[in-house]
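Subject: Structure handover

Hello,

Here is the structure you asked for. Please open it beside this email and follow along.

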Amino acid sequence: MMKLILTADVDGLGGPGDIVEVKDGYGRNYLLPRSLAIAATKGAEKQVQVIRRAQEASRIRGLDHAKEIKAALTALGNVPLKAKAAAGSGKLFGSITTADIVAAVKAAGGPALDKRSVEVSGHIKTLGKHSVSVRLHPDVTAAFTVDVASAG
């Protein structure tokens, strides 16, 4: 087991500044390379308060910014997305990825999103309207509709 200090929110583990104990492989192969945590040394433990204060300041800014982005996404309404589909059946060749959704939102004049924050219920493999949600902040989630149409 290894002791780490989280520098970002990690689902099911904790928030910034939390001191957690995780298995060696999870810490070494996932948390540390992605800068989600730092090793819990005596000097780092003193920095916990600094990390928490900085996170609180950015969270307040982040909450206001997240509400602005949510308003912009809601104003878009249906986001059009073109994809190759089989004639007649309406089935797509492949499926719509979160990167495709982010690109479609940007093309529709919406805000730039992080593809990791986009949540789709199941895979989008058919033409038509599909609901998508975006986690902008721990307290703010925006929902919108993607209208998948045939590209030809």
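Two strands count as paired if DSSP finds at least two bridges between them. With that in hand, start with the smaller topic, the three-stranded sheet. Please keep in mind that this is a predicted model.

**The three-stranded sheet**

This sheet is open, and its strands come in the order β2-β1-β3. The pairing is antiparallel. β2 (19-22) and β3 stand at the edges. Each has a single partner strand, so one side of each is left without a neighbour in the sheet. From one strand to the next, the twist averages 45°.

Look at β1 (residues 2-6) and β2. They are joined by four bridges and pair in the antiparallel sense. One residue to find here is Met2, whose bridge partner in β2 is Val22. Helix α1 packs on this sheet and touches β1, β2 and β3. The direction of α1 makes about 40° with that of β1.

**A loop residue to check**

Next, go to Ser35. It sits in the loop between α1 and β3 (37-39). Most residues other than glycine have a negative phi. Ser35 is not a glycine, yet its phi is positive, about 55°. Is Ser35 buried or exposed? Its relative accessible area is 54%, and the cut-off for exposed is over 50%. Ser35 is therefore exposed.

**The four-stranded sheet**

The other sheet is open too, with four strands in the order β4-β9-β8-β6. Its pairing is mixed. The edge strands are β4 (78-83) and β6, and each pairs on one side only. Neighbouring strands are turned by 35° against each other on average, direction ignored.

Strands of a sheet pair through backbone hydrogen bonds, either parallel or antiparallel. Walk across this sheet and you meet both kinds:

- β4 and β9 (residues 140-150) run parallel, joined by six bridges. Ala83 has Ser150 as its bridge partner in β9.
- β8 and β9 run antiparallel, joined by nine bridges. Ser131 has Thr145 as its bridge partner in β9.
- β6 and β8 pair in the antiparallel sense over three bridges. Glu119 has Ser133 as its bridge partner in β8.

β8 and β9 also form a hairpin, with two residues between them. Helix α4 packs on the four-stranded sheet, as α4 touches β4, β6, β8 and β9. The direction of α4 makes about 120° with that of β4.

**The salt bridges**

How many salt bridges does the structure hold? There are two.

One joins the side chains of Arg116 and Asp114, at 3.1 Å from N to O. Arg116 counts as exposed, at 70% relative accessibility. Asp114 counts as partly exposed, at 36%.

The other joins Glu119 and Arg135, whose closest N and O atoms are 4.0 Å apart. Glu119 lies in strand β6 and Arg135 in strand β8 (residues 128-137), so this pair ties together parts that are 16 residues apart in sequence. Glu119 counts as partly exposed, at 39% relative accessibility. Arg135 is partly exposed as well, at 41%.

**Ser117**

Now find Ser117, in the loop between α4 (98-107) and β6 (118-120). Is Ser117 buried or exposed? Its relative accessible area is 15%, and buried means under 20%, so Ser117 is buried.

What does Ser117 touch? Leaving out residues up to four places away in sequence, it touches Ser133, Val134 and Arg135. Two of these names have come up before. Ser133 is the bridge partner of Glu119, and Arg135 forms a salt bridge with Glu119. Ser117 also has a link to Asp114: a polar atom of the Ser117 side chain lies 2.7 Å from the backbone oxygen of Asp114. Asp114 uses its side chain for the salt bridge with Arg116.

**How confident is the prediction?**

The mean pLDDT of the chain is 83. 95% of its residues reach 70 or more. Which element has the lowest mean pLDDT? Among the elements of the chain, that is helix α3 (residues 48-76), at 75. Helix α1 (residues 24-31) has the highest, at 92.

Best wishes

Methods: Residues numbered from 1 in each chain as written. Predicted model: local features only at pLDDT ≥ 70, side-chain atom pairs only at ≥ 80, totals over all residues. Heavy atoms only, no water. pLDDT = per-residue confidence, 0-100. Buried < 20%, exposed > 50% of the residue type's maximum accessible area, 1.4 Å probe, protein only. Polar contact = N/O pair within 3.5 Å; in protein donor to acceptor, adjacent residues only side chain to side chain. Contact = heavy atoms within 4.5 Å. Axes fitted to C-alpha atoms, helices over the stretch in contact; angles between N-to-C directions.
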